[in-house]
Each structure stands twice: as C-alpha cells, then as structure tokens.
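Please work through the exercises below with the sequence and the 3D structure open beside you. Each task is followed by a solution that goes step by step.

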Amino acid sequence: MRLPNPKPYKYNKMAKYKLEYIWLDGYTPVPNIRGKTLIKEYEKYPTLEELPNWGFDGSSTRQAEGHSSDCVLKPVAHYLDSTRINGVIVLCEVLHADLTPHSTNARATILDDPGTWFGFEQEYFLYQDGRPLGFPEKGYPAPQGPYYTGVGYENVGDIAREIVEKHLDLCLDAGINHEGINAEVAKGQWEFQIFGKGSKKAADEMWVARYLLQRLCEKYKVDVNYHCKPLGATDWNGSGMHSNFSTEYMRTVGGKEYFEALMAAFDKHKNEHIAVYGPDNHMRLTGLHETQSIDKFNYGVANRGASIRVPNSFPKNGYKGYLEDRRPNSQGDPYKIASRILQTIATVPTK
Ligand code: ADP
Ligand code: MN
Ligand code: MN
Ligand code: MN
C-alpha cells in the first residue's frame with residue numbers, strides 16, 4: 001500500500017483532504033453506488049472516528065420523499081484513494097435523520113461476528129457500444145474455450161487487461177484484500193476475488209472495489225455489466241458471485257452431523273436465499289454451465305454443478321472448513337447475501 005497523504009502541501013502542516021463519501025441508493029432490484037466529495041482539513045490522514053456524519057438529498061436517490069428528504073451518511077470504513085492527492089474513500093451506511101438505519105441499508109442487517117469469514121468471487125463483463133469488449137459489431141467472436149485464463153490479443157483484446165491491472169492496483173492501494181484476478185470463460189468477462197475476516201469486511205471491500213472499477217472505466221468509455229446473463233439464452237457463460245463462507249464453529253468444531261443440519265437449513269430456506277442472490281438468476285441457474293437449477297438445492301464435494309460446493313479439504317478435515325455457495329449472481333448485493341447466510345446459519349444449533 002502506498003503511504004497515505006503522499007504529497008502533503010508544502011507550507012502547511014494541515015492539508016485539505018478530498019473525502020469521497022460513497023453509499024448505496026434506493027434503486028431496485030439492485031442499488032447503485034453514489035458518491036460526493038467533502039473537503040476537510042486534517043493534520044494527517046484521518047482516522048475513521050475523525051470523519052463526520054454527512055447528509056444528502058434522499059429524494060434524488062429513491063430514499064426519501066421530497067418534503068422531508070434529508071438522509072444521513074454515517075462513515076463505517078475508509079480507504080486510501082491513490083488517484084487523488086490526499087484522497088480518501090469513505091464508505092457509508094444510510095441512516096434516517098433520527099440515526100436509525102434506513103430501510104435500504106442492508107449492511108445494518110448483518111449479524112456482527114468477527115469469527116465469520118467471507119470470500120466473494122466477482123465475475124463481470126466489460127461492455128462497450130452495447131456489447132462485451134472485444135465482440136465484433138455484428139455476430140460473435142470464436143466460441144468460448146480460449147478466453148478463460150487466456151493470453152494474447154486474439155483472446156483478451158487490447159485494453160481489457162490494462163483496465164483489470166489498474167483496478168487491481170487501485171484496490172491494493174486502498175488496502176482491499178484481493179486474493180486474485182482471472183480472465184473468465186466468455187470474451188470480455190473477468191473475475192476478482194476478495195476475502196475478509198469479520199462478517200462485514202469482504203462485503204464492504206466488494207462495494208468499494210465495484211466503485212473503483214466503474215470509476216476507472218469512465219475514461220475508457222467502457223461500462224461494467226454486472227448482469228448475470230447479459231447475452232441471454234446463448235452458449236455464452238453468465239456471471240456469478242460465488243460466496244465462500246465459514247464461521248469459527250465451522251472451522252474449529254464442524255463435524256458431519258452439524259454439516260448435514262446446516263445443509264438441511266439451507267435447503268429449507270432456499271427461496272429466501274434466492275430472493276437476495278441477485279435479479280434474473282433464473283436465466284443463469286439453469287442446470288447448465290456449471291450451475292444447479294434455481295428451484296433445486298443440493299450440495300456435493302468438488303461439484304461445480306451443485307448449489308453449494310464442498311471443497312475436497314472439507315470432509316478430509318472432519319467436515320471442518322468453508323463452503324462455497326455458487327448461487328449468488330454477479331449483481332447480488334454482498335450485504336444481503338452475507339446477512340441471509342448468517343441468518344440461516346443462526347437457525348442451526350451448535351454444541
Ligand atoms: P474457485 O474459482 O475454484 O471457486 P477462487 O480461488 O476463485 O476458487 O475462490 C475461492 C474463494 O474462497 C476465495 O475468495 C477465498 O478467499 C475463499 N476462501 C478460502 N478459504 C476460506 C474460508 N476459510 N472462509 C471463507 N472463504 C474462504
Ligand atoms: Mn473463482
Ligand atoms: Mn469464476
Ligand atoms: Mn468459485
């Protein structure tokens with residue numbers, strides 16, 4: 001990570017910081033990221049506690065009626081923004097004027113648990129002129145096959161990798177815990193993975209990473225398409241956001257009996273899970289292209305066609321470790337996904 005405050009003003013001890021307050025708006029079925037800048041002087045890179053609550057006009061973001069439109073932005077995490085001198089990204093929860101959580105604030109519904117770890121695998125398409133980056137104006141490029149983890153102009157085009165690499169650097173500068181990146185199965189499709197310890201950390205970092213990607217793409221005249229099946233019912237892969245999760249109990253106690261009870265709870269609540277796993281998921285969860293059908297729940301060791309994939313290591317270690325829920329899609333809100341997974345886990349008794 002680059003040092004905070006890389007170029008402090010020469011003659012003042014105090015420096016003006018550009019605080020980019022970002023939050024999720026009230027659009028459905030998926031929120032958009034919004035942001036605006038507050039300039040404030042600090043002696044050094046501010047701590048989270050030094051960042052004040054701020055506000056915005058909720059009537060412009062579908063979060064309030066015009067007659068009483070003030071919503072409160074409460075900073076919950078902050079990240080270095082290496083694209084701006086003295087830049088800080090301030091991730092916020094949205095509150096009502098009385099400081100209670102707004103109904104659009106899904107983060108506030110996540111059970112706070114430092115022992116829970118999440119790893120999200122974000123797949124997405126880069127889009128230009130209404131089609132995936134690298135697709136010809138008419139028709140399709142060569143069928144899927146060489147693109148996944150591919151190399152060379154024919155497979156990845158000219159600017160995609162530049163965007164992906166710059167995005168990675170921005171995220172690492174920000175302190176986001178990326179675990180990896182790869183080119184995906186369809187042309188123009190990519191993935192990055194974020195892992196975090198604590199029930200909200202990876203979800204927070206996912207939203208900031210999405211923000212950084214969209215902002216970076218502006219100057220390339222490229223958009224990020226998070227839709228789970230942007231090319232419809234074709235042989236082109238859709239995009240998911242596989243959600244890997246473990247609680248301290250799963251990692252340290254676990255056991256076959258607990259695992260089976262956990263999977264029974266996931267089966268019982270499958271509809272509530274699908275409801276927050278991203279829109280249009282019926283287009284993606286068809287039983288084809290390494291997916292299970294949307295109306296079925298199953299699990300299987302190393303099974304990429306299952307709703308939940310159990311890593312090989314899990315039974316080997318006495319049914320301890322993490323599980324991969326493969327159903328969440330690329331447009332899903334990681335806050336809602338994390339919240340639902342923890343709600344279901346909480347219904348299963350531990351010893
Ligand atoms: P694949 O594409 O084969 O599913 P990836 O490497 O893309 O594999 O994703 C695996 C994810 O699992 C990573 O994001 C990683 O951080 C996450 N993960 C690994 N161990 C744990 C754990 N104990 N708890 C939660 N997530 C984990
Ligand atoms: Mn992956
Ligand atoms: Mn993938
Ligand atoms: Mn995966």
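The exercises that follow concern a predicted model, and they go from the overall form to the domains, the core and the ligand.

**Exercise 1. Describe the overall form of the protein chain, and decide what its radius of gyration says about it.**

Step 1. Begin with the secondary structure, which comes to 9 helices and 14 strands in the protein chain.

Step 2. Turn to the extent of the chain, whose C-alpha atoms fill a box of roughly 60 × 55 × 45 Å along the principal axes.

Step 3. Compare the radius of gyration with the rule for a compact globule: for 351 residues the rule gives a value near 20 Å, and because the protein chain has 21 Å, the two agree.

Step 4. Add the packing, where 42% of the 351 residues count as buried, and where, among contacts between residues at least 6 apart in sequence, 66% join residues at least 24 apart.

**Exercise 2. Find the domains of the protein chain and describe how domain 1 meets domain 2.**

Step 1. The domain assignment gives domain 1, residues 15-108, and domain 2, residues 117-345.

Step 2. The C-alpha centres of domain 1 and domain 2 lie 26 Å apart, and the contact takes 16 residues from domain 1 and 17 residues from domain 2.

Step 3. On the side of domain 1 that touches domain 2, the elements giving two or more residues are strand E2 (33-42), strand E4 (70-81) and strand E5 (87-95), with the largest share, 4 residues, coming from E4.

Step 4. By residue type, this side of domain 1 divides into 11 nonpolar, 3 polar and 2 charged residues.

**Exercise 3. Locate the largest nonpolar core and examine the surroundings of alanine 174.**

Step 1. The largest nonpolar core has 73 residues, and those with the most contacts inside it are Val90, Ala174, Val208 and Ala209.

Step 2. Helix H3, residues 201-217, supplies the largest share of this core with 10 residues, while domain 1 and domain 2 each contribute at least three.

Step 3. Leaving aside residues up to four places away in sequence, alanine 174 touches Tyr79, Leu80, Asp81, Ile89, Val208 and Leu212.

**Exercise 4. Describe the shell of residues around ligand 1.**

Step 1. Ligand 1 is surrounded by 14 residues, of which the closest are Gly119, Phe195, Asn244, Ser246 and Tyr322.

Step 2. Two or more residues of the shell come from each of strand E6 (117-128), strand E8 (178-183), strand E9 (189-197) and strand E11 (241-246).

Step 3. Sorted by type, the shell holds 5 nonpolar, 6 polar and 3 charged residues.

Note on methods
Residues are numbered from 1 along each chain as its sequence is written. Chains are lettered from A and ligands numbered from 1 in the order in which they are written. This is a predicted model: local features need pLDDT of at least 70, side-chain atom pairs count only at pLDDT 80 or more; totals for chains, interfaces and linings use all residues. A residue is near a molecule or strand if its C-beta atom, placed from the backbone, lies within 6 Å of it. Ala, Val, Leu, Ile, Met, Phe, Trp, Tyr, Cys and Pro count as nonpolar, Asp, Glu, Lys and Arg as charged, and the others, Gly among them, as polar. A nonpolar core is a set of buried Ala, Val, Leu, Ile, Met, Phe, Trp, Tyr and Cys residues joined through C-beta atoms within 7 Å. A residue is buried if 20 or more other C-beta atoms lie within 10 Å of its own, exposed if 12 or fewer, and partly exposed in between; C-beta atoms are placed from the backbone. Domain bounds come from an automatic or database domain assignment. Two residues are in contact if their C-beta atoms, placed from the backbone, lie within 7 Å. The radius of gyration is taken over C-alpha atoms; the globule rule is 2.2 Å times the number of residues to the power 0.38.
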